[in-house]
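Biologist: Got a minute to walk me through this one? I'd like the fold, the core and the cysteines.

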Amino acid sequence: MAWTIDHTPHLGGTTRGIVAILAAVSLLSFSDALVKMSGDSFGLAQLVLLRSIVAAFLLALWLLPTQGRSGLRLTRPCWVWARSLCLAAMWLSYYAALPAMSFALAAACYYTAPAWMALLGRVFLRMTIGRRGWAAVALSLAGVLLAVSPSADRVTPVLLLPLAAAAFYALAGLITWSRCQAESPGAMALTLNLCLVCVAAAALLLLSLFQPGGAESFVLAIWPQLTLADWSLAFVLGCLLAVIATAVAKAYRVAPTPVVGVFDTAYLGFAAVWGLVFFGDAPTAREGLGIALIASSAILMSGNRPKRKDEYC
């Protein structure tokens, strides 16, 4: 998913934007499924580090010749780095949850982000939500309750991780919308990957210094020995991330934001497909209905155009 300021779309760009966002979310869900599959081979920080090094290198290789150094300068670097830190926290939280829960359920919890955007926007930016926005929030909450089917054995602390990922993503979206309007998508994408490299390296340093128990787990592993296939997978994930970042930026530049937001929810469908193909996790009827409600809330929210109170003046 992505969040960007609305603007006048390019002529005839709607179709290209839809194709770009569908390609992005299909590749993103495929990439996330690969991360879930590779939990036994990598450590979380190790995987994020290697993937982001590849993505940052490829983005720099593409952006420097086309935009030059001036095109990568940040207008408000502190806010861009704050946005990147929120997205880094989002990815770490989401990936930490994947080994312990079904892919479709993790995706459903993650796609509560539009509701989080509305609530956090109301708190921090004094946005008016309106009836349509509150209806979307209610639908999202109902969808999570249906998908999770709260019970003593299903409601665990791990469930909080994809919900936290959604909140971090929403906060990053609000920062992008309110503070990073003048930044180029390429500069923000490159900064994000540089931030991920720094965060992952810091996490590895802390893990090596304190050496917590459970070092064989995906989350706490420091640097498991990698095979050639593992190194190849890390390279593929980095390439996918570079393509995804480019496709998302293109989609939100050439098509109206509400239209792109609707097709962004296709991630939920792709996640259900990859979950079935790779892990044999077929959503139950209850989970399917919950996922449908969450997707409906995201679509409803994407057509809502919240404004800050000071914008009415």
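Modeller: Here is a short tour, from the overall picture down to single residues.

Biologist: What kind of model is this, and what pLDDT does the protein average?

Modeller: This is a predicted model. The average pLDDT is 82, and 85% of the residues score at least 70.

Biologist: Where is the pLDDT below 50?

Modeller: One such stretch is residues 1-11, which has 36 contacts in the model beyond near neighbours in sequence. Another is residues 308-313, with 14 contacts counted that way.

Biologist: OK, the fold. How many helices and strands?

Modeller: There are 12 helices and two strands. Along the sequence the order is α-α-α-α-α-β-α-α-α-α-α-α-α-β.

Biologist: How much of the protein is buried?

Modeller: Of its 313 residues, 47% are buried. The accessible surface is about 14,400 Å², and carbon and sulfur atoms hold 69% of that.

Biologist: And the contacts? What share joins residues 24 or more positions apart?

Modeller: That share is 88%, taken over contacts with a separation of 6 or more.

Biologist: Give me an example of two residues far apart along the chain. What is the C-alpha separation of Ile-18 and Ala-251?

Modeller: Their C-alpha atoms are 6.7 Å apart, with the two positions 233 residues apart along the chain. Ile-18 sits in helix α1, residues 13-37. Its relative accessibility is 18%, so Ile-18 counts as buried.

Biologist: What about Arg-179, which helix holds it?

Modeller: Arg-179 belongs to helix α7, residues 160-179. The C-alpha of Arg-179 lies 7.8 Å from that of Arg-76, 103 residues away along the chain.

Biologist: Is Arg-179 buried or partly exposed?

Modeller: Partly exposed, because its relative accessibility is 25%.

Biologist: Switching to the core. Which residues touch the most other members of the largest nonpolar one?

Modeller: Tyr-94, Tyr-95 and Tyr-267 do, in a core of 85 residues. Apart from that core lies another, of six residues, including Ala-115, Ile-129, Ala-136 and Val-137.

Biologist: What does Tyr-94 touch, leaving out residues up to four places away in sequence?

Modeller: Asp-32, Phe-103, Ala-106, Ala-107, Tyr-110, Pro-162, Ala-165 and Tyr-267.

Biologist: And Ser-93, where is that found?

Modeller: Ser-93 is in helix α3, residues 77-97. With the same sequence neighbours left out, Ser-93 touches Leu-161, Ala-165 and Phe-168. So Ala-165 is a contact of Ser-93 and also of Tyr-94.

Biologist: Why call Ser-93 buried?

Modeller: Because its relative accessible area is 12%, and the cut-off for buried is under 20%.

Biologist: Quick one on helix α2. What span does it reach?

Modeller: Helix α2 covers residues 44-67, 24 residues in total. From first C-alpha to last it reaches 33 Å, close to the expected 34 Å. Just after α2, Gly-68 takes a positive phi of about 75 degrees.

Biologist: Last topic, cysteines. How many disulfides?

Modeller: The count is zero.

Biologist: Why no bond for Cys-198?

Modeller: The closest cysteine sulfur, in Cys-195, is 6.6 Å from the sulfur of Cys-198, so it is too far for a bond. The cut-off for a disulfide is 2.5 Å.

Biologist: Are Cys-198 and Cys-239 buried or partly exposed?

Modeller: Cys-198 is partly exposed, at 47% relative accessibility. Cys-239 is partly exposed too, with a relative accessible area of 23%.

Notes
Residues are numbered from 1 along each chain as its sequence is written. This is a predicted model: local features need pLDDT of at least 70, side-chain atom pairs count only at pLDDT 80 or more; totals for chains, interfaces and linings use all residues. Side-chain values use heavy atoms; hydrogens and water are left out. Helices (H or I, at least four residues) and strands (E, at least two) are DSSP runs, numbered from the N terminus. Buried means under 20% relative accessible area, exposed over 50%, partly exposed in between (1.4 Å probe, protein chains only). Contact means heavy atoms within 4.5 Å. The expected span of a helix is 1.5 Å times one less than its number of residues. A nonpolar core is a set of buried Ala, Val, Leu, Ile, Met, Phe, Trp, Tyr and Cys residues joined through side-chain atoms within 4.5 Å. Accessible areas come from the Shrake-Rupley method with a 1.4 Å probe; for residues, only the protein chains shown count as cover. pLDDT is the predictor's confidence in each residue, from 0 to 100.
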